[in-house]
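Visitor: Please show me the model, and let me ask how its terms are justified.

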Amino acid sequence: VAAPRRRASDDPVESIKASILDHLTHTFARDTAGATPRDWFLATAMSARDHLTSRLIKTQSAHNDQNVRRLYYLSLEYLMGRLLISSLQNAGVYDHTRQALEELGVDWEALRASEDDMGLGNGGLGRLAACFIDSLATLDLPAIGYGINYEFGLFRQAFENGHQVENPDSWMIYGTPWELMHPEYQQEVQIYGEVENVFDDSGNYRPQWVNTHKLVGVPNDIPVPGYGTETVNILRLWTSHATEPLDLNAFNEGGYVEAVRNKATSETISKVLYPNDKTENGKELRLVQQYFFVACSLKDIIRRHMRVEGNGWHNFADKVAVQLNDTHPAIAVAELLRILIDEESLDWDEAWAIITKTFAYTNHTLLPEALEKWGVPLYARVLPRHLQLIYEINRRHLETVAAKWPGDNEMLSTCSIVEEGGGKQLRMAHLAVVGSHAVNGVAALHTELLKKDLFPYFDTLFPGKFRNKTNGITPRRWLLDCNPALSALITKTLGRPDWPRNLDLLQALGKEADQPAFQQEFMAIKRVNKVALAETIQELCGIEVSPDALFDVQIKRLHEYKRQHLNLLHIVALYRRLLQNPDLDMVPRVFVFAAKAAPGYDLAKNIIRAINVIGARINHDERIQGKLKVAFLPNYRVTLAEKIIPAADLSEQISTAGKEASGTGNMKLALNGALTIGTLDGANVEIGEEVGDDNIFIFGMTVEEVEAVRNAGYRPYDFYYADEELRAVIDWIGSDYFTPGERHAFAPLHHSLLDGGDPYMVLADFRSYSDAHLAVDAAYRDSPRWAKMAIMNTARVGKFSSDRTIREYAEDIWNLPPVPVK
Ligand code: 26Q
């Protein structure tokens, strides 16, 4: 009997097919025969977008009609990755779309591979923003993310002879299906110029910002759908334009280049993401980017607030909460003050009350070199009026400091927003603390250190202002989407599909951790994921690895404090042990690295080269019978993380205690059943609390021990001389053994470990790290034990859902109730 014919109107698969074909023909002018995978991707994306836009309109009118309080998240970075799968999942049409494409005979893998990552961020901070906007929508919280629509995201990384080379990331060169341009909401902002004092009508002396350069920001909106809800919020990214596209006078005089110069300069602002995840101190364009995006966003926020009848400044802070993602948008404090005082004529106290009720600030780092500072002369040139206002903010702030600690001049200079001596600098973190009602760290330990070390007197000055909000990750992207097989097993085992909205449900997996059948299923999925990663390693690195080996991964930005070089020392030690004893009984290991170094960070680049070159030597040495492999995957990005994380056995979280604010890769890996080898740093501490001491490998000095050793005068040579193996390993790296004919290839690395003083105490932690790896080896040999530990990790890390994090922000900082959309 023939199956009844499905009708498009009531069959979701048929209607998705029709919609995809319709976009293919009418939006992209392609027929099915000539369509490339990218054409199919675009048509599918448009079809997904159609599902989202109607919900988006519904959400926005619900928020507008009810005049709700909103959260505005200000971030210079959003590391979104690909949007197709998460859009389909969150629109609730993933399965139907897959089926539709299959029935259309479309190669799904090729289709999804043709989407470029949206890589508008450097690392943790940018990816956190992406997870947060996912959770905000999922929790039905009215929120808008603001940022910059960089034409070039984070550079693409390639390796040449082991060296990192950077190429531009032209992710939107042929357009992107997810952005909707809204010229009707463009904003004009000004910059540069000077301040003149004029007498106004009432004879008062008023500063006026004049002779400014004008810029236009045009918003590009990306729909941000929640998972399992109707809410679709907006990510609004600004593109910079000139007010006048062409100087006709110059053009008529024959100067074409002159005629478009202003346009080109203005468009430069949103051109490229700064690839540094430490402060790029003193770069004018970076400051202009920050101000441009903050000024456009605040104007947009104020426009939205004021268009509602009855709204005004009296209830602005009731309707508007602004979260500053680090100090990068901290100029917002001075910009809102300028608007309130210069343009809206509020008096200072009124204006300041609005400001401190509106803003809250998240700190992401304790590293002194990463704290943002701007030279006063630069500020005077780019933002002269803001500089005046910041001085006045500081004058008043120092009055309260002086009242608290009378006669204490040192306290004044410690707390000041302006750093004196050797060229005055503005401390953006101090401005952000003073201008906000709440300041948070991103893990419990980090927040404690923030209060104790970074802002000790501020905590006394503003009791209760400092709070902890331990980071989280979205379980949609970092489990449901990236690990479908494990997700299916979880749904089957729990007997319910709603765990991605309530990650604590995973606890119930703990009951299965001892069950051999469940262990086998769990580890079989891990193995399939490892086979897939092994194929990727073969493709990208030309290295053959066995999926039976232990996959030991360190994936994160390359930084000294993250200590990829500690990992390397251990690899070289294992290699040496194997050469000394080829029959050494050890679990075969594949060391997987992925990391980008800031283009100007020479030592980080030297470490990349060392891992690549030493790794190549190890990979080709037949004497060790394939027991060690080292694969450095190029061009780490969200999409690559989604491939590596489900395949990881061991997660390297080995920063010097006190240096990693939180880490979020640690959470993603644990959620996917990787065990952590880590220091008591950042969120590792809390991961350990959740999974239990038996299910994590902790090693190394604590924050207190690091401090004590440092105070006693740390000498790396003491450890070098005391540990024969460590000494041999360092000497080996310092020799030209791995780079014949090229001497001193790793001199920068070698120098940093010894004569450079080993600032991150790699040598001090080496032996403890090496011992922890012996414990890892022993645990892995006992497969049921390892399986149990892995399952316990997945079962017990529900706390690290970004839904939990965002709920805490909403309740404790934003005072933001959810608004369900019907
Ligand atoms: C600042 C000024 C000029 C140019 C660049 C920058 C800049 C850009 C990015 C400074 C810092 C960053 C990024 C910092 C970052 O990613 N920090 C990480 O934030 C994560 C989320 O909270 C934490 O998990 C990590 O521990 C922290 O290192």
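Visitor: What makes a residue count as one around the ligand, and which come nearest?
Guide: A residue is near the ligand if its C-beta atom, placed from the backbone, lies within 6 Å of it. In this predicted model, 25 residues surround the ligand, and G124, L125, E280, A661 and S662 come nearest. Numbering starts from 1 along each chain as its sequence is written. Local features need pLDDT of at least 70, side-chain atom pairs count only at pLDDT 80 or more, and totals for chains, interfaces and linings use all residues.

Visitor: How are the residues of that shell divided by type?
Guide: There are 6 nonpolar, 13 polar and 6 charged residues. Ala, Val, Leu, Ile, Met, Phe, Trp, Tyr, Cys and Pro count as nonpolar, Asp, Glu, Lys and Arg as charged, and the others, Gly among them, as polar. Helix α6 (residues 124-138) gives the largest share of the shell, 3 residues; helices are DSSP runs of H or I with at least four residues, strands runs of E with at least two, numbered from the N terminus.

Visitor: Why are strands β23 and β24 called paired?
Guide: Two strands pair if DSSP finds at least two bridges between them. β23 (residues 650-653) and β24 (residues 675-678) are joined by 4 bridges, so they are paired. They run parallel, and E652 has I677 in β24 as its bridge partner.

Visitor: What makes β22 and β25 edge strands?
Guide: The open sheet has the order β22-β21-β20-β23-β24-β25. β22 (628-632) and β25 (697-698) each pair on one side only.
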